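Me: I am new to reading structures, and I would like a close look at a single part of this one. Could you take me through how two helices in it meet, step by step?

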Amino acid sequence: MFSFEVGSLLNIALVLVAGLVISIMMIWVERRFLGFFSDRLGPNRVGPFGIFQVIADAVKMLAKEDWIPPFSDKFTFVIAPMILPIVMLMSLGVIPFAPGVGVMDLNIGLLWIFAMAGLASYSTMLGGLASNNKFALLGALRGAGQMISYEVFMGISILGIVVLSDSFNLREIVEAQEDGWFVIPQFFGFVVFMVAGIAESHRWPFDLPEGEAEIISGYNTEYSGMKFGLFMIGEYIGMVVMSAIIPVLFFGGWLAPFGLEFGNEIISGLFWMGAKTSFFLLFFVLVRAALVRPRYDQLMSYGWLVMLPLSLINLLITGAVVLYQAG
Amino acid sequence: MASITIDGKVFEVDAKNNLLQECLSHAMDLPYFCWHPSMGSVGSCRQCAVIEYANEDDEKGRLVMACMTEPREGARYSIEAASTFRAQAIESIMINHPHDCPVCEEGGECHLQDMTVMSGHTYRRYDGKKKTHHNQYLGPFINHEMNRCITCYRCVRYYKDYAGGTDFGPQASHDNTYFGRWQEGSLESEFSGNLVEVCPTGVFTDKPFSKHYSRKWDLQSSPSVCTGCSVGCNTNPGERYGSLRRIVNRFNDEVNGYFLCDKGRFGAEYVNSSERIPVSMIRNSHDADPVQIEADIAKEALSKAAKGSIGIGSPRASMEANFALRDLVGEENFYAGIAENELGMLDKIIDIYQNKPVNIANIKDIENSDAVLILGEDLTNTAARLALGVRQSVKNLGRQMGADLNFPIWHDAAIRQLAMDKLSPLYILSPHTTRLDDVSHTTHISSAANSARIGMAIANAIDSSAPAVKGLTKDEKALVAEIAETLKSAKQALIISGTSSREPALLEAASNIATALQDGDNKANLALVSAESNSMGLALMMQGNNKALEQAISAVKKSAIVLENDLYRRASSSDVDAFINGLDQLVVLDHLKNRTGEQANLVIAAATFAESSGTFVNYEGRAQHYYSTFKPDSAIRSSALWLSDKPFNEITAACADAIANCDGITDLTPGENYNFAGLKVPRQHHRYSGRTSMRANINVHEPKQEQDEDGVMVYSMEGVPAIKDASVLNSPWAPGWNSNQSIFKFQENAGGALKQGSNGQRLLLNTCTKKTWYEAAGSNDAKEGFEVFPLYHLFGSEELSAYTPAIQEKATSAYISLNPEDAEKLGLQASDGVQVEHNGAVPFIVREATQVGTVGISVGLKGLNFQDISSAVALDKADNWKNSETWLAANIIASDKREVNIEGVD
Amino acid sequence: MFKALGKQIKIIWTQLVSLWLVFLHLFNKADTVEYPDVMPYMFPRWRGRIILTRDPDGEERCVACNLCAVACPVDCISLQKTEDETGRWYPEFFRINFSRCIMCGFCEEACPTHAIQLTPDFEMAEYVRQDMVWEKEHMLINGTGKYHDYNFYNVAGKAIGGKGKGEAQNELPPVDRKSLLP
């Protein structure tokens, strides 16, 4: 059933280390770029260009008192922050970085991503619930509502791709784009998927579960030290996953554009996949710097009244075109 | 009552008061300087100007001074319309005022500052040269800074006219006017301290306070009661950085009004004395060095020692402390800690107050009496505030003359002009001249026993059913007839006596005279002065059992607990020595080191009045509560809490339950549940500064707020100041009124009683109307040697205040006083010393007005223990006598009837 | 329908414009001053470290009037008045708890003698909070600070050493109290 052609130990180690390092470095990259976008310098004191800022942050977080609120549900409180990085790393496993590079090659790769993204919402929910704090609970409610809503049309938005590529396997989806990236036939799908993806990973401007203007810090109000750090790492891994999945689905994954392939296919694939992922990572940072947070009702009505019809129309048209082409 | 219109509003006012007083009573802010509720109006400062309109159509009106205006029925006034005049008036007052506020002790509680702001004079336009004045040295109590004077004359009106001082007055003329002594030197009046509060600006300031000065807003204060004597004047002590900084008057119209004596004001700094017992100490044998112990260990040692021990109470410890000791050792083992004679006299006072038809006189009664007889009590030195009251009573003749001519009573200058030197009758029977002689009609010199006989004869002359006295001389008979006639014709006669003479017959005589004067409901005023702040409270506690110190000494017990009491001041040294040597264990609770404490096995560091709460009962049987002003070091606790494990309020309640007549003491505080909107009364001013810095040198982390034992006030600036209950009025302040003048905002009417009427509780009620008499004693047997009478000193005789540096400067060491004839007989020269039988040598002074064959011996002064001296002593010239440095004869002011020495000014 | 669509397009367009404009900031020069490497210019009236100054004669200016302490909104100043043998007031101790100080400058405004002044020095951090409690000897400088000529006792009426009664600015010699002449 499962084919492990890419699941060598070297591969696993490579993906895990690279994924984690990139995620963690994103914290610094994001802060620096946020600085540049707002005419500041960003963290530049620790190490060259401030590159070790993350290490300083990590040391600080690890050295902080590991405090568990006496009024919380202690077991759940401890478990909740672990869920997020775990499931996000699991999602990372199915991403095809290059031919022969990746942890798993699943037939249901796309569904796996969705399944993991669905599980990630437990982290938010349980964290908020276990804190036994009204602000945390409000944040958890917001997170749950937001994730469930956006998962719906996120799923619908990529059905067009499944129809076009005739597969749930991410490697096959990439290969199906040999003749042209899906972003062209599936432009609306891409737009909906990206917006939903930001909302799904509750990054700015859709970070309502921790909207500090109203609810202190939302579901992680009571968290501090490394438990808070886990939430943060999980979020950044999610960001990496999301930035990697978009090129895979819509921009031809490791495929070089305009025949700019070089070296063997793995080197070239890793380069182009990396370049495309980086572009979206930086795009996420730009979005965070530029856009303001909507109200929660705006978020929901935008999702159900705009995104859902848009994704459905996209699916209908795709289906119609495919059926027409098939004769 | 009259109905007047002020700025368009109609007010009901008392036409007997002046307009200023009524404006203030009706919560209007009208500036003033020279008016004082106790001293009336002279209209000299021109600050309280208002416009008076002739009728409804008058739009211009005319300027009048409110303090000199009688409110006319239906008249129309305006405060607003005269504001320009007042601003200009204060500008001219301020022309010569120096730029001194930052370095002036009055700053922050300055009436002049308040009035300047209130009048709207905010910018000095005058750029000419200012008048300046030299200052004078006015003794250890008062600082003089004449530049600041605004010539309101309040000081002179207080010092000369009110308090009867003779060595101070105005000098020079026009805007050179100078207020000071004729020559530099200590102010003689025992009430000079009130100048600090009377002066509206910083000319007269508190000298000991200045040495460790703090602004008013920085002082933590609480309602307290003076420990100096039995009058129980209400005070506001102020604390900063853990030391007591000063005492100011706390208004109580029935006890002390606006004024304190200098002992009360300057005599409380023993709280900061280096002689304080800072921590409890124990020693295992008589010869061992004392070892300091922690509070908990001390408490344990104390309760261990209490088993099978006798307790000796104290007339200067609170009711609660005495009761806690009585509770600890059991009633049968509790002794009074004062001599049998004194306890007997106090019992007699209680008996007279309850069972004779008399009116127990408070200060208002004293001030309103129009004929006064003082029997053998040197009032200025034993109960000074009452002497100041008596000084007011003699002015009642002038007031009556004014009233007969329809003069308003507040018209001070007019009444003074009218009365000139006419005074209401004041008779004094005393073994020596007194400080009230300048206002007395007659001061009759006779021994206490003889004075008692004369008193009995006066009673007999007033009411022939009183026991008669035989064997009076012709002069005495004439005096008796004169006094009897005066007292009988008086509207409100007052008899004053007390325990200081140690002659019980005097109390009986006073009682007989007052009884004789009773006519139905019209009872004569009687004030019987006791010795110490809680003498009466102790006597109430000992009622029905005669357990005085003598009984304690003869009790066969091996252990004793002595509460705040130096036994050597109560009984002869040999008796006390024998008593202490016979004990296995002596426990002493006290705040200051003394001879008894030195011999104790266990010394417990007890809190002073400023660090603890409690109840004192004053000479009239009035219970008054004092609140701790600040929290002492943790090694020091209130005696009551050392001796009892109960919370403080429960001790008070138990005491009220157990002691007859003491029910009232539980009503003195608003109770531990008192709050206003959930907040307690703060001890600190709302602008208290340095909260996060004052302890930062010890630890930058601020400690938790200390808890309070009464549960009424808190050691904090958080809370609601007394607006509901003036018994917790710590330091009066009202918006715009930072000085002590703001007290009128808390009074029913300006100058009247406090709004909540929190004057303490009279424990003894007199409903008796039946005349009963004490029998007269026979004449004394002549004794060998010189007959002894005690000489008290306001400064030095009292135990605690004598530890205060400023008081020490005004006090002297022990001495005796002789008639010149006797001095000559003994062959004494001015610089000689006198050998007192068995008691060493002391210096002497000559007092003309003492009887031949009598000797006055100072009480409580260092160098001689009055308790060691028998009632008649042999005197001899001392060999090789040299006066010691502590002998300051200049501090002894025997009488006021002296020539004022104007020579050698400056 | 079209109106709503138009509205949605407009919303999306404005978001894209925002993204573009913010993206352009990537090429702007940063405004940041890199403080420890580059010292910023501090204005003379900057409210930084508090000092106690001396008057032009070199005597302590502070007269321990307590006005700074009472003006302090966080109550972080405490002091005790004492005086020398000539009657000049000065603080026995003067303590500021800088861990509480908010550098509001009220103390400087309240000071009637220009003794307490705030300076442009702001580098006052300490590792131990207790070290932020400063006493007089830490704050008293040997100069007049911002106000060079003011000498409080020269305008006050109180006599001190070296300045008797009537010797201050704009004062007449002391009056003769024994004279009644006009």
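Reply: What follows is a walk through one helix pair in chain B, with a short look at another helix of that chain. Please keep in mind that this is a predicted model. The pair consists of helix H2 of chain B, which covers residues 83-93, and helix H3 of chain B, which covers residues 111-119. The two pack with their axes 9 Å apart, and the angle between them is about 140 degrees. Because of that angle, H2(B) is described as oblique to H3(B); the label "roughly antiparallel" would need an angle over 145 degrees. The crossing in which H2(B) passes H3(B) is left-handed.

Turning to the residues that meet, H2(B) contributes Arg86(B), Ala87(B), Ile90(B) and Ile93(B), while on the other side H3(B) contributes Leu112(B), Met115(B), Thr116(B) and Ser119(B). Sorted by class, this contact of H2(B) with H3(B) holds five nonpolar residues, two polar ones and one charged one. It helps to recall a general point here: an α-helix has 3.6 residues a turn, so residues three or four places apart point the same way.

As a further look at chain B, consider helix H13(B), which spans residues 384-393 and is mostly covered, with ten of its ten residues buried. Among these buried residues are Leu386(B), Leu388(B) and Val390(B), and also Arg385(B) and Arg391(B).

Conventions. Residues are numbered from 1 along each chain as its sequence is written. Chains are lettered from A and ligands numbered from 1 in the order in which they are written. This is a predicted model: local features need pLDDT of at least 70, side-chain atom pairs count only at pLDDT 80 or more; totals for chains, interfaces and linings use all residues. Side-chain values use heavy atoms; hydrogens and water are left out. Buried means under 20% relative accessible area, exposed over 50%, partly exposed in between (1.4 Å probe, protein chains only). Helices (H or I, at least four residues) and strands (E, at least two) are DSSP runs, numbered from the N terminus. Axes are lines fitted to C-alpha atoms, for helices over the stretch in contact, and angles run from 0 to 180 degrees between N-to-C directions. Angles under 35 degrees count as roughly parallel, over 145 as roughly antiparallel, 65 to 115 as roughly perpendicular and the rest as oblique. A crossing is left-handed if the near helix is turned anticlockwise from the far one by less than a right angle, and right-handed if clockwise. Contact means heavy atoms within 4.5 Å. Ala, Val, Leu, Ile, Met, Phe, Trp, Tyr, Cys and Pro count as nonpolar, Asp, Glu, Lys and Arg as charged, and the others, Gly among them, as polar.
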